[in-house]
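Biologist: I have the sequence and the model open side by side, and I would like a close look at a single part of it. Could you take me through the open sheet, strand by strand, and then show me how its surroundings connect to it?

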Amino acid sequence: MSFIVHVVNDDQDPVEGARVVLSFKGLAIIGGGMTDPEYTDSDGHVYFDGHDRDEVEIFVDGQSYRWYIYEEGESVTITV
């Protein structure tokens, strides 16, 4: 199962090609903790796998969109 970030615009239409990066709070202490950039598909989704449960700050196209709990099988929607 993946942690899914869904990126939409103000009209709730999916945003394709948005650059999404997760910054993990727990890993930030040891110098690092950011994922490689992933880009949303035509449905506005991007999928992240293989990370432990943690607080993450989600960045879309370089802008922070607050903190969420990363847990595989969960999803969040970001309006840009």
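Modeller: Happy to. One definition first: two strands count as paired if DSSP finds at least two bridges between them. With that in hand, the open sheet has 4 strands in the order β3-β2-β5-β6, and their pairing is antiparallel. The strands at the edges are β3, residues 38-39, and β6, residues 63-70; each has a single partner strand, so one side of each is left without a neighbour in the sheet.

Please keep in mind that this is a predicted model. The mean pLDDT of the protein is 91, and 92% of its residues reach 70 or more. Confidence is highest in β3, at a mean of 98, and lowest in α1, at 66. Where pLDDT is low, the predicted coordinates should not be read in detail.

Let's start at the β3 edge. Strand β2 covers residues 19-24 and is joined to β3 by 2 bridges, the two strands running antiparallel. If you want a place to put your cursor, V20 has E38 of β3 as its bridge partner.

Just ahead of this strand comes the loop between β1 and β2, where you will find G17. G17 is partly exposed, with a relative accessible area of 41%. Setting aside residues up to four places away in sequence, G17 touches Y39 and T40. The C-alpha atoms of G17 and D43 are separated by 9.8 Å, with their positions 26 residues apart along the chain.

Now step into β2 itself and pick V21. Is V21 buried or exposed? V21 is buried, with a relative accessible area of 5%, and that value counts as buried because the cut-off is under 20%. Beyond its neighbours within four places in sequence, V21 is in contact with M34, T35, P37, E57, I58 and F59. For a sense of scale, the C-alpha atoms of V21 and T77 are 14 Å apart, although these residues are separated by 56 positions along the chain.

Strand β5 is also where a salt bridge begins. E55 and K25 meet through their side chains, at 3.5 Å from N to O. E55 belongs to β5 (residues 54-60) and K25 to helix α1 (residues 25-28), so the pair ties together parts that are 30 residues apart in sequence. Both ends have some access to the surface: E55 is partly exposed at 31% relative accessible area, and K25 is partly exposed at 43%. Do read the helix end with care, as α1 is the element where confidence is lowest.

How many salt bridges are there? The count comes to 2. In the other pair, E71 forms a salt bridge with R53, with the closest N and O atoms 3.0 Å apart. This pair links distant parts of the chain, 18 residues apart: E71 is in the loop between β6 and β7, while R53 is in the loop between β4 and β5. E71 is partly exposed, with a relative accessible area of 33%, whereas R53 is exposed, at 57%.

That brings us to the other edge, β6, where R66 lies. R66 is exposed, with a relative accessible area of 55%. Leaving aside neighbours within four places in sequence, R66 is in contact with V56, E57 and I58. The C-alpha atoms of R66 and I78, 12 residues apart along the chain, are separated by 9.7 Å.

Finally, here is how the sheet meets the rest of the protein. The largest nonpolar core has 17 residues, and those with the most contacts inside it are F3, V5, V20, L22, F48, I58 and V60. β1, β2, β4, β5, β6 and β7 each give two or more residues to this core. F48 is a good residue to click on: among its contacts beyond four places in sequence are F3, V5, V20, L22, E38 and Y70.

The other strands named there have pairings of their own. β1 and β4 run antiparallel and are joined by 4 bridges, with I4 standing opposite Y47 in β4. β1 and β7 pair in the parallel sense over 5 bridges, and in β7 the bridge partner of H6 is T77.

Definitions and conventions:
Residues numbered from 1 in each chain as written. Predicted model: local features only at pLDDT ≥ 70, side-chain atom pairs only at ≥ 80, totals over all residues. Heavy atoms only, no water. Salt bridge = Lys/Arg side-chain N within 4 Å of Asp/Glu carboxyl O. Buried < 20%, exposed > 50% of the residue type's maximum accessible area, 1.4 Å probe, protein only. Contact = heavy atoms within 4.5 Å. Core = buried A, V, L, I, M, F, W, Y, C linked by side-chain atoms within 4.5 Å. pLDDT = per-residue confidence, 0-100.
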